[in-house]
Amino acid sequence: MRLLFDQFMKKCEDGSWIHLPSYEDIATQRSQDFSTFIHAYFPTASEQINKEKLSQGRIFTRSFEDGLGFEYVMFYNDAEKRIVCVFQGGPHLQGMPGFFHGGAIATMIDATVGMNAIVSGGIVMTANLNINFKRPIPLCSIVLINSQLDKIEGRKLLVSCNVQSVDEKILYTEATSLFIKLNPEKEFHIKELVLNSAPPA
Ligand SMILES: CCCCCCCCCCCC(=O)SCCNC(=O)CCNC(=O)[C@H](O)C(C)(C)COP(=O)(O)OP(=O)(O)OC[C@H]1O[C@@H](n2cnc3c(N)ncnc32)[C@H](O)[C@@H]1OP(=O)(O)O
């Protein structure tokens with residue numbers, strides 16, 4: 001994992017790739033604005049949220065103890081509209097004995113294609129996620145999630161991705177997704193926010 005991280009950090013040196021901050025860091029910076037916007041977009045659903053529990057909310061992928069759940073880092077290439085996520089799931093993500101749970105894989109795919117859509121389109125939500133699980137992924141192995149923005153049609157963003165072994169010899173999973181932009185007027189410049197809060201290369 002460290003070796004791959006260093007390889008991608010090297011690619012960041014000429015500015016073609018950017019080491020993205022975690023969702024937690026992005027959300028913290030604009031959490032009040034972000035939450036106000038989302039709740040205004042979904043007023044009925046917002047009324048049903050237990051406000052006491054809301055304060056305990058945590059980003060799902062960052063809610064496990066270190067090393068047990070989702071360990072990952074993302075790199076973004078603006079020219080190619082791609083994100084590569086280096087992911088090593090921990091032992092608490094087990095499904096079939098010795099392999100990752102499909103829901104854990106789906107979560108990381110959603111997080112990666114979602115980040116690609118957020119950087120490209122602002123505030124978006126997943127409307128559709130189609131996944132083909134082609135090979136089981138050994139528990140605790142390191143994989144690469146390669147995502148690509150394919151098309152923007154009005155409020156719709158189409159993003160595809162695959163999950164491969166580090167040597168790219170095994171194709172574990174393929175997915176396509178549809179995101180819907182909630183802020184067509186671009187009240188939130190999420191791209192700038194994401195890129196400006198990127199950790200130093
Ligand atoms: C800052 C860091 C934070 C950090 C946060 C980190 C998050 C990481 C990423 C995770 C993202 C998630 O998991 S999000 C959570 C899971 N997703 C959800 O809960 C979303 C639930 N769905 C919804 O609320 C809604 O359906 C929306 C918002 C997606 C769309 O509703 P809407 O805004 O009213 O738009 P609507 O008019 O229905 O649709 C707009 C256009 O899209 C089309 N459309 C809509 N849904 C579909 C669909 N499934 N398949 C095909 N087409 C569709 C419509 O036909 C229409 O086309 P046309 O007539 O215009 O041609």
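**Note on a predicted model: sheet, helices and core**

1. S6 and strand S7, residues 171-181, pair in the antiparallel sense over 9 bridges. One pair to look for here is Asn162 with its bridge partner in S7, Glu174. The two strands form a hairpin with 5 residues between them. In that turn, Glu168 has a positive phi of about 65°. Please keep in mind that the model is predicted.

2. On to the inventory. The protein has 7 helices and 7 strands. Along the sequence, these follow the pattern α-β-α-α-α-α-β-β-α-β-β-β-β-α. Of the 201 residues, 26% count as buried. Among contacts between residues at least 6 apart in sequence, 69% join residues at least 24 apart.

3. In what order do the 7 strands stand in the open sheet? The order is S1-S2-S3-S5-S6-S7-S4, and the pairing is antiparallel. The edges are strand S1 (18-19) and strand S4 (124-133), each of which pairs on one side only. Helix H1, residues 2-11, packs on the sheet and touches S1, strand S2 (70-77), S3 and S5. The direction of H1 makes about 165° with that of S3.

4. Strand S5 can be followed on both sides. With strand S3 (residues 82-89), strand S5 (residues 142-153) pairs in the antiparallel sense over 7 bridges. With strand S6 (residues 156-165), S5 pairs in the antiparallel sense over 10 bridges. Ser147 is a useful residue to find: Ile83 stands opposite Ser147 in S5, and the bridge partner of Ser147 in S6 is Cys161. Next along, Gln148 has Ser160 as its bridge partner in S6.

5. S5 and S6 also form a hairpin, with 2 residues between the strands. Gly154 in this hairpin takes a positive phi near 60°.

6. Now the core. The largest nonpolar core has 38 residues. Which of its residues touch the most other members? They are Met74, Phe75, Tyr76, Cys85, Met108 and Ile145. The elements that give two or more residues to this core are S2, S3, helix H6 (102-121), S5, S6 and S7. H6 gives the largest share, 10 residues.

7. Phe75 is worth a look on its own. Leaving aside neighbours within four places in sequence, Phe75 is in contact with Phe8, Trp17, Ile18, His19, Leu20, Ile83 and Val84. Ile83 has already appeared above, as the residue opposite Ser147 in S5.

8. Is H6 largely enclosed or largely open? Of its 20 residues, 15 are buried, so H6 is largely enclosed by the rest of the structure. The length of H6 can be checked too. At 1.5 Å a residue, its 20 residues should span 28 Å, and the end C-alpha atoms are 27 Å apart, which agrees. After H6 comes Gly122, whose phi is positive, near 90°.

9. Some loop residues are buried as well, and Ile137 is an example. Ile137 is found in the loop between S4 and S5. Why does Ile137 count as buried? There are 24 C-beta neighbours inside 10 Å of Ile137, and the cut-off for buried is 20 or more. Not counting residues up to four places away in sequence, Ile137 touches Phe99, Phe100, Ile105, Val143 and Tyr172. Ile137 and Gly102 are 35 residues apart in sequence, yet their C-alpha atoms are 9.1 Å apart in space.

10. Last, the annotation. UniProt, in an unreviewed entry, lists residues 98-168 as "domain: Thioesterase". In the model, this span is 28% helix and 45% strand. Its end C-alpha atoms lie 21 Å apart.

Definitions and conventions: Residues are numbered from 1 along each chain as its sequence is written. This is a predicted model: local features need pLDDT of at least 70, side-chain atom pairs count only at pLDDT 80 or more; totals for chains, interfaces and linings use all residues. Two strands pair if DSSP finds at least two bridges between them. Helices (H or I, at least four residues) and strands (E, at least two) are DSSP runs, numbered from the N terminus. Two residues are in contact if their C-beta atoms, placed from the backbone, lie within 7 Å. Axes are lines fitted to C-alpha atoms, for helices over the stretch in contact, and angles run from 0 to 180 degrees between N-to-C directions. A nonpolar core is a set of buried Ala, Val, Leu, Ile, Met, Phe, Trp, Tyr and Cys residues joined through C-beta atoms within 7 Å. A residue is buried if 20 or more other C-beta atoms lie within 10 Å of its own, exposed if 12 or fewer, and partly exposed in between; C-beta atoms are placed from the backbone. The expected span of a helix is 1.5 Å times one less than its number of residues. UniProt positions are given in the numbering used here, feature names are shortened, and annotations may be inferred rather than shown by experiment.
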